[in-house]
Amino acid sequence: MQQFYDLADCGAEQVDKLLATAGRLQKHPEPRALEGKVLSLLFLSPSLRTLASFQAGMARLGGNTFVISPDMSIHGLETRPGIVMDGEAAEHIREAVPVIASYGDAIGIRAFADRRNIETDIADTEYKGLGALCSTPLINMESAINHPCQSLADWKTMDDLAIPSQSGKFVLSWAYHPRALPLAVPSATVHMAAMRGMDVTVLRPDGFELPAPIMEKAKAAAARSGGSVTETDDRQQALEGAHVIYAKSWSSTRHYGDRIGDQKLRTGLEDWCIDDPWFETADRDCRFMHCLPVRRGVVVSDRVLDGPRSVVIQEAQNRMYAQMAVLYHMLGSGE
Ligand code: CP
(Lines give C-alpha, C1' and ligand atoms only; values in the text may rest on other atoms or scores of the structure.)
Protein backbone atom coordinates (compact mmCIF):
# COMPACT_ATOMS: atom_id res chain seq x y z
CA MET A 1 0.00 0.00 0.00
CA GLN A 2 1.57 3.28 -1.15
CA GLN A 3 -1.26 5.65 -0.21
CA PHE A 4 -4.00 5.75 2.40
CA TYR A 5 -6.06 8.69 1.24
CA ASP A 6 -9.70 7.57 1.18
CA LEU A 7 -11.51 4.35 2.17
CA ALA A 8 -13.21 4.57 -1.23
CA ASP A 9 -9.82 3.94 -2.92
CA CYS A 10 -9.27 0.79 -0.85
CA GLY A 11 -12.40 -1.05 -1.87
CA ALA A 12 -14.33 -3.48 0.33
CA GLU A 13 -11.75 -6.29 0.12
CA GLN A 14 -8.86 -4.09 1.28
CA VAL A 15 -10.99 -2.62 4.10
CA ASP A 16 -11.79 -6.17 5.28
CA LYS A 17 -8.08 -6.96 5.24
CA LEU A 18 -7.21 -3.82 7.23
CA LEU A 19 -9.94 -4.54 9.80
CA ALA A 20 -8.73 -8.13 10.17
CA THR A 21 -5.16 -6.92 10.71
CA ALA A 22 -6.31 -4.29 13.23
CA GLY A 23 -8.20 -6.92 15.22
CA ARG A 24 -5.27 -9.35 15.10
CA LEU A 25 -2.72 -6.73 16.23
CA GLN A 26 -5.04 -5.77 19.09
CA LYS A 27 -5.20 -9.39 20.31
CA HIS A 28 -1.70 -10.51 19.34
CA PRO A 29 0.85 -7.66 19.50
CA GLU A 30 3.81 -7.74 17.11
CA PRO A 31 6.30 -5.42 18.82
CA ARG A 32 9.05 -5.96 16.20
CA ALA A 33 6.97 -5.81 13.00
CA LEU A 34 8.21 -2.33 12.00
CA GLU A 35 11.57 -2.34 13.76
CA GLY A 36 13.90 0.27 12.24
CA LYS A 37 11.11 2.06 10.38
CA VAL A 38 10.43 5.78 10.82
CA LEU A 39 7.13 7.56 10.29
CA SER A 40 7.23 11.33 9.68
CA LEU A 41 4.18 13.22 10.97
CA LEU A 42 3.34 16.68 9.66
CA PHE A 43 0.49 18.48 11.41
CA LEU A 44 -0.68 21.76 9.87
CA SER A 45 -3.66 21.89 12.26
CA PRO A 46 -4.13 20.84 15.90
CA SER A 47 -4.65 17.26 17.08
CA LEU A 48 -4.79 15.11 20.19
CA ARG A 49 -5.99 11.67 19.01
CA THR A 50 -4.32 11.52 15.60
CA LEU A 51 -0.96 12.65 16.97
CA ALA A 52 -0.98 10.39 20.03
CA SER A 53 -2.46 7.32 18.30
CA PHE A 54 0.07 7.38 15.44
CA GLN A 55 2.96 7.76 17.89
CA ALA A 56 1.63 5.01 20.19
CA GLY A 57 0.74 2.70 17.29
CA MET A 58 4.16 3.03 15.64
CA ALA A 59 5.89 2.43 19.02
CA ARG A 60 3.78 -0.71 19.60
CA LEU A 61 5.01 -2.06 16.24
CA GLY A 62 8.67 -1.35 17.10
CA GLY A 63 9.06 1.71 14.87
CA ASN A 64 9.66 5.39 15.57
CA THR A 65 8.03 8.70 14.72
CA PHE A 66 8.93 12.35 14.64
CA VAL A 67 6.48 15.24 14.57
CA ILE A 68 6.63 18.62 12.87
CA SER A 69 4.02 21.35 13.29
CA PRO A 70 4.10 25.12 12.72
CA ASP A 71 3.88 25.71 16.52
CA MET A 72 7.23 24.05 17.09
CA SER A 73 10.65 25.62 17.08
CA ILE A 74 10.92 25.76 13.32
CA HIS A 75 11.48 28.71 11.01
CA GLY A 76 8.18 30.43 10.26
CA LEU A 77 6.36 28.28 7.70
CA GLU A 78 4.95 29.90 4.56
CA THR A 79 2.22 27.93 2.79
CA ARG A 80 0.98 30.35 0.12
CA PRO A 81 2.07 29.57 -3.44
CA GLY A 82 3.84 32.23 -5.48
CA ILE A 83 4.53 34.50 -2.50
CA VAL A 84 7.53 36.85 -2.18
CA MET A 85 8.90 35.77 1.20
CA ASP A 86 9.93 39.15 2.57
CA GLY A 87 7.89 38.79 5.82
CA GLU A 88 8.44 36.72 8.99
CA ALA A 89 8.37 33.21 7.48
CA ALA A 90 11.76 31.87 6.38
CA GLU A 91 10.78 28.35 5.25
CA HIS A 92 8.35 27.41 2.50
CA ILE A 93 6.17 24.32 2.70
CA ARG A 94 7.39 23.31 -0.79
CA GLU A 95 10.86 22.56 0.61
CA ALA A 96 9.73 21.59 4.12
CA VAL A 97 7.49 18.71 2.99
CA PRO A 98 10.02 16.82 0.83
CA VAL A 99 12.73 17.36 3.48
CA ILE A 100 10.49 15.96 6.25
CA ALA A 101 9.39 13.09 4.00
CA SER A 102 13.00 12.21 3.15
CA TYR A 103 13.76 11.38 6.82
CA GLY A 104 11.05 8.72 7.08
CA ASP A 105 9.86 5.53 5.39
CA ALA A 106 6.33 6.96 5.21
CA ILE A 107 4.73 10.31 5.98
CA GLY A 108 1.40 11.27 7.52
CA ILE A 109 0.05 14.71 6.63
CA ARG A 110 -2.78 16.63 8.30
CA ALA A 111 -3.66 19.54 6.05
CA PHE A 112 -6.26 22.21 6.66
CA ALA A 113 -9.43 23.08 4.82
CA ASP A 114 -9.26 26.37 2.93
CA ARG A 115 -12.90 26.99 4.06
CA ARG A 116 -13.32 29.81 1.55
CA ASN A 117 -14.13 27.93 -1.62
CA ILE A 118 -16.15 24.72 -1.49
CA GLU A 119 -14.92 23.42 -4.86
CA THR A 120 -11.28 23.81 -3.74
CA ASP A 121 -12.02 21.91 -0.54
CA ILE A 122 -14.01 19.14 -2.24
CA ALA A 123 -11.11 18.72 -4.68
CA ASP A 124 -8.76 18.50 -1.65
CA THR A 125 -6.37 20.84 -3.43
CA GLU A 126 -4.23 21.64 -0.37
CA TYR A 127 -3.62 18.03 0.69
CA LYS A 128 -3.05 16.77 -2.85
CA GLY A 129 -0.58 19.59 -3.52
CA LEU A 130 1.44 18.63 -0.43
CA GLY A 131 1.20 14.91 -1.22
CA ALA A 132 2.63 15.55 -4.69
CA LEU A 133 5.83 16.81 -3.01
CA CYS A 134 6.47 13.43 -1.31
CA SER A 135 8.05 10.35 -2.80
CA THR A 136 7.46 8.13 0.26
CA PRO A 137 4.18 6.30 1.08
CA LEU A 138 1.60 8.79 2.28
CA ILE A 139 -1.17 8.70 4.90
CA ASN A 140 -4.03 11.19 5.05
CA MET A 141 -4.28 12.22 8.71
CA GLU A 142 -7.28 14.47 7.81
CA SER A 143 -7.63 16.72 4.82
CA ALA A 144 -10.27 19.25 3.79
CA ILE A 145 -12.72 16.57 2.71
CA ASN A 146 -11.56 13.25 4.14
CA HIS A 147 -10.56 11.53 7.36
CA PRO A 148 -10.01 7.86 6.42
CA CYS A 149 -8.23 6.95 9.69
CA GLN A 150 -11.28 8.06 11.67
CA SER A 151 -13.59 6.15 9.33
CA LEU A 152 -11.61 2.92 9.56
CA ALA A 153 -11.62 3.19 13.37
CA ASP A 154 -15.38 3.90 13.40
CA TRP A 155 -16.04 0.88 11.15
CA LYS A 156 -13.99 -1.29 13.53
CA THR A 157 -15.89 0.11 16.52
CA MET A 158 -19.24 -0.83 14.96
CA ASP A 159 -17.93 -4.32 14.12
CA ASP A 160 -16.61 -4.77 17.68
CA LEU A 161 -20.04 -3.85 19.04
CA ALA A 162 -21.87 -6.10 16.55
CA ILE A 163 -23.87 -3.16 15.21
CA PRO A 164 -25.71 -4.53 12.15
CA SER A 165 -24.24 -3.65 8.75
CA GLN A 166 -26.94 -4.80 6.30
CA SER A 167 -30.25 -3.35 7.57
CA GLY A 168 -28.45 -1.36 10.28
CA LYS A 169 -29.74 2.22 10.45
CA PHE A 170 -26.98 4.85 10.72
CA VAL A 171 -27.98 8.47 11.37
CA LEU A 172 -25.31 11.08 10.73
CA SER A 173 -26.74 14.10 12.52
CA TRP A 174 -25.61 17.70 12.25
CA ALA A 175 -25.17 19.20 15.72
CA TYR A 176 -24.95 22.79 16.87
CA HIS A 177 -21.50 24.36 17.27
CA PRO A 178 -20.70 28.06 17.55
CA ARG A 179 -18.23 27.89 14.65
CA ALA A 180 -18.33 26.66 11.06
CA LEU A 181 -16.37 23.38 11.06
CA PRO A 182 -14.83 21.47 8.12
CA LEU A 183 -16.58 18.82 6.03
CA ALA A 184 -13.90 16.14 6.41
CA VAL A 185 -15.53 13.95 9.07
CA PRO A 186 -19.14 14.11 7.80
CA SER A 187 -17.98 13.41 4.24
CA ALA A 188 -15.82 10.47 5.28
CA THR A 189 -18.47 9.14 7.68
CA VAL A 190 -21.42 9.11 5.27
CA HIS A 191 -19.28 7.20 2.79
CA MET A 192 -17.95 4.75 5.39
CA ALA A 193 -21.43 3.83 6.67
CA ALA A 194 -22.73 3.47 3.09
CA MET A 195 -19.74 1.27 2.18
CA ARG A 196 -20.50 -0.88 5.26
CA GLY A 197 -23.94 -1.60 3.75
CA MET A 198 -25.98 0.43 6.24
CA ASP A 199 -29.13 2.46 5.64
CA VAL A 200 -27.72 5.94 6.14
CA THR A 201 -29.77 9.04 6.91
CA VAL A 202 -28.09 12.45 6.94
CA LEU A 203 -30.15 14.54 9.37
CA ARG A 204 -29.48 18.27 9.13
CA PRO A 205 -31.27 21.62 9.25
CA ASP A 206 -32.11 23.47 6.05
CA GLY A 207 -28.97 25.05 4.56
CA PHE A 208 -26.60 22.39 5.96
CA GLU A 209 -27.05 19.81 3.19
CA LEU A 210 -23.88 17.87 2.46
CA PRO A 211 -22.40 18.82 -0.95
CA ALA A 212 -23.94 16.97 -3.90
CA PRO A 213 -20.68 15.25 -4.99
CA ILE A 214 -20.25 13.82 -1.47
CA MET A 215 -23.83 12.48 -1.42
CA GLU A 216 -23.49 11.03 -4.94
CA LYS A 217 -20.27 9.25 -3.99
CA ALA A 218 -21.92 7.79 -0.85
CA LYS A 219 -24.97 6.69 -2.84
CA ALA A 220 -22.72 4.91 -5.34
CA ALA A 221 -20.99 3.11 -2.44
CA ALA A 222 -24.41 2.14 -1.03
CA ALA A 223 -25.51 0.78 -4.41
CA ARG A 224 -22.48 -1.55 -4.37
CA SER A 225 -22.86 -2.64 -0.74
CA GLY A 226 -26.66 -3.07 -0.60
CA GLY A 227 -27.17 -0.04 1.67
CA SER A 228 -28.92 3.27 1.06
CA VAL A 229 -28.34 6.99 1.63
CA THR A 230 -31.01 9.65 2.20
CA GLU A 231 -31.00 13.19 3.58
CA THR A 232 -33.70 14.93 5.64
CA ASP A 233 -34.44 17.68 8.14
CA ASP A 234 -37.21 15.59 9.75
CA ARG A 235 -35.74 14.56 13.09
CA GLN A 236 -38.57 12.27 14.14
CA GLN A 237 -38.50 10.28 10.90
CA ALA A 238 -34.69 10.10 10.85
CA LEU A 239 -34.22 8.82 14.41
CA GLU A 240 -36.87 6.09 14.39
CA GLY A 241 -35.19 2.68 14.67
CA ALA A 242 -31.65 4.11 14.54
CA HIS A 243 -28.81 1.78 15.58
CA VAL A 244 -26.29 4.64 15.61
CA ILE A 245 -26.59 8.38 16.07
CA TYR A 246 -23.29 9.85 14.90
CA ALA A 247 -23.12 13.56 15.76
CA LYS A 248 -20.99 16.13 13.97
CA SER A 249 -21.20 19.79 13.21
CA TRP A 250 -20.21 21.19 9.84
CA SER A 251 -20.26 24.43 7.85
CA SER A 252 -23.33 25.57 6.00
CA THR A 253 -22.83 24.50 2.41
CA ARG A 254 -25.17 27.32 1.32
CA HIS A 255 -22.93 29.96 2.94
CA TYR A 256 -19.58 28.20 2.61
CA GLY A 257 -16.76 30.68 3.19
CA ASP A 258 -19.25 33.37 4.29
CA ARG A 259 -18.77 33.55 8.08
CA ILE A 260 -21.60 36.00 8.69
CA GLY A 261 -24.09 34.14 6.48
CA ASP A 262 -23.19 30.85 8.18
CA GLN A 263 -23.49 32.43 11.63
CA LYS A 264 -26.95 33.82 10.85
CA LEU A 265 -28.13 30.44 9.61
CA ARG A 266 -26.96 28.57 12.72
CA THR A 267 -28.44 31.10 15.15
CA GLY A 268 -31.46 29.51 16.81
CA LEU A 269 -30.29 25.95 16.10
CA GLU A 270 -28.98 25.42 19.65
CA ASP A 271 -31.55 22.66 20.20
CA TRP A 272 -29.50 20.49 17.79
CA CYS A 273 -27.72 19.19 20.89
CA ILE A 274 -27.99 15.39 21.13
CA ASP A 275 -29.83 14.49 24.34
CA ASP A 276 -31.82 11.57 25.79
CA PRO A 277 -35.10 12.36 23.96
CA TRP A 278 -33.28 11.82 20.64
CA PHE A 279 -33.10 8.09 21.51
CA GLU A 280 -36.78 7.61 22.45
CA THR A 281 -37.81 5.99 19.14
CA ALA A 282 -34.37 4.66 18.23
CA ASP A 283 -33.38 1.00 18.53
CA ARG A 284 -33.15 -0.12 22.18
CA ASP A 285 -29.37 -0.59 21.83
CA CYS A 286 -28.75 2.57 19.80
CA ARG A 287 -25.20 3.92 20.26
CA PHE A 288 -23.91 7.47 20.31
CA MET A 289 -20.79 8.11 18.22
CA HIS A 290 -18.58 11.18 17.75
CA CYS A 291 -15.01 11.52 16.48
CA LEU A 292 -13.96 13.89 19.33
CA PRO A 293 -13.08 16.50 20.41
CA VAL A 294 -16.66 17.37 21.37
CA ARG A 295 -18.16 20.38 23.16
CA ARG A 296 -20.19 19.17 26.16
CA GLY A 297 -23.59 20.79 26.55
CA VAL A 298 -23.36 22.20 23.02
CA VAL A 299 -23.04 19.23 20.65
CA VAL A 300 -24.20 16.56 23.14
CA SER A 301 -25.50 16.49 26.71
CA ASP A 302 -23.34 15.18 29.55
CA ARG A 303 -25.86 12.42 30.27
CA VAL A 304 -25.59 11.00 26.74
CA LEU A 305 -21.82 11.41 26.53
CA ASP A 306 -21.25 9.84 29.96
CA GLY A 307 -24.03 7.27 29.58
CA PRO A 308 -23.96 3.65 28.37
CA ARG A 309 -24.88 4.50 24.77
CA SER A 310 -21.69 6.50 24.22
CA VAL A 311 -18.80 4.70 22.48
CA VAL A 312 -16.57 7.72 21.87
CA ILE A 313 -13.65 6.34 23.89
CA GLN A 314 -13.73 3.02 21.99
CA GLU A 315 -13.71 4.99 18.72
CA ALA A 316 -10.66 6.96 19.86
CA GLN A 317 -8.83 3.81 21.03
CA ASN A 318 -9.60 2.09 17.74
CA ARG A 319 -7.83 4.94 15.93
CA MET A 320 -4.60 3.36 17.16
CA TYR A 321 -5.41 -0.21 16.03
CA ALA A 322 -6.82 0.95 12.68
CA GLN A 323 -3.70 3.02 11.96
CA MET A 324 -1.41 0.18 13.10
CA ALA A 325 -3.08 -1.95 10.43
CA VAL A 326 -2.47 0.74 7.78
CA LEU A 327 1.19 1.04 8.83
CA TYR A 328 1.59 -2.75 8.89
CA HIS A 329 0.34 -3.08 5.30
CA MET A 330 2.29 -0.04 4.16
CA LEU A 331 5.66 -0.69 5.80
CA GLY A 332 5.59 -4.29 7.00
CA SER A 333 5.03 -7.68 5.47
CA GLY A 334 1.33 -7.06 4.64
CA GLU A 335 0.27 -6.11 1.08
N1 CP B 1 -10.81 12.77 15.78
C2 CP B 1 -9.65 13.39 15.60
O3 CP B 1 -9.08 13.37 14.50
O4 CP B 1 -9.12 13.95 16.72
P5 CP B 1 -7.87 14.94 16.74
O6 CP B 1 -8.25 16.18 15.97
O7 CP B 1 -7.62 15.21 18.20
O8 CP B 1 -6.71 14.26 16.09
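Around the ligand you'll find Ser47, Leu48, Arg49, Thr50, Arg110, His147, Gln150, Cys291, Leu292 and Arg319, where "around" means having a heavy atom within 4 Å of the molecule. This is a predicted model, so local features need pLDDT of at least 70 and side-chain atom pairs count only at pLDDT 80 or more, while totals for chains, interfaces and linings use all residues. Residues are numbered from 1 along each chain as its sequence is written, and side-chain values use heavy atoms, with hydrogens and water left out.

**The ligand site**

By type, the shell around the ligand splits into three nonpolar, four polar and three charged residues. For that split, Ala, Val, Leu, Ile, Met, Phe, Trp, Tyr, Cys and Pro are nonpolar, Asp, Glu, Lys and Arg are charged, and the others, Gly among them, are polar.

Here are contacts made by oxygen atoms of the ligand:

| Residue | Partner atom | Distance |
|---|---|---|
| Leu48 | polar backbone atom | 2.7 Å |
| Thr50 | N or O atom in the side chain | 2.6 Å |
| His147 | N or O atom in the side chain | 2.9 Å |

The ligand on its own has 250 Å² of accessible area, and the protein covers 93% of that; these areas come from the Shrake-Rupley method with a 1.4 Å probe, and for residues only the protein chains shown count as cover. The ligand sits in the largest pocket. A pocket here is an open set of points on a 1 Å grid over the protein atoms alone, with a 1.4 Å probe fitting at each point and protein on both sides within 12 Å along at least five of seven lines. "Sits in" means that more than half of the molecule's atoms lie within 2 Å of the pocket's grid points.

**Backbone oddities**

Most residues other than glycine have a negative phi, and most peptide bonds are trans. Leu292, one of the ligand's neighbours, has a positive phi of about 65° without being a glycine. Leu292 is also joined to Pro293 by a cis peptide bond, with omega about 0°. Pro293 belongs to the loop between strand 12 (287-289) and helix 11 (302-305), and Leu292 is found in the loop between strand 12 and helix 11 too. Helices (H or I, at least four residues) and strands (E, at least two) are DSSP runs, numbered from the N terminus.

Is Leu292 buried or exposed? It counts as buried because its relative accessibility is 14%, and buried means under 20%, exposed over 50% and partly exposed in between (1.4 Å probe, protein chains only).

Ser167 is another non-glycine with a positive phi, this time about 70°. Its place is the loop between helix 6 (148-160) and strand 8 (169-174), and Ser167 counts as exposed because its relative accessibility is 56%.

**Chain ends and a few arginines**

Met1 lies in the segment before strand 1 (3-4) and is partly exposed at 21% relative accessible area. How far apart in space are Met1 and Met330? Their C-alpha atoms are 4.8 Å apart, although 329 residues separate them in sequence.

Arg60 is in helix 2 (residues 49-60) and, at 47% relative accessibility, partly exposed. From Arg60 to Ala212, 152 residues along the chain, the C-alpha separation is 40 Å.

Arg80 falls in the loop between strand 4 (77-78) and strand 5 (91-92), and it counts as partly exposed at 48%. The side chains of Arg80 and Glu78 make a polar contact of 2.8 Å. Such a contact is a pair of N or O atoms within 3.5 Å; within protein, one must be able to donate a hydrogen and the other to accept it, and residues adjacent in sequence count only if both atoms are side-chain atoms.

Notes
On a 1 Å grid over the protein atoms alone, a cavity is a set of points where a 1.4 Å probe fits but cannot get out, and a pocket is an open set with protein on both sides within 12 Å along at least five of seven lines; lining residues have an atom within 4 Å of a point.
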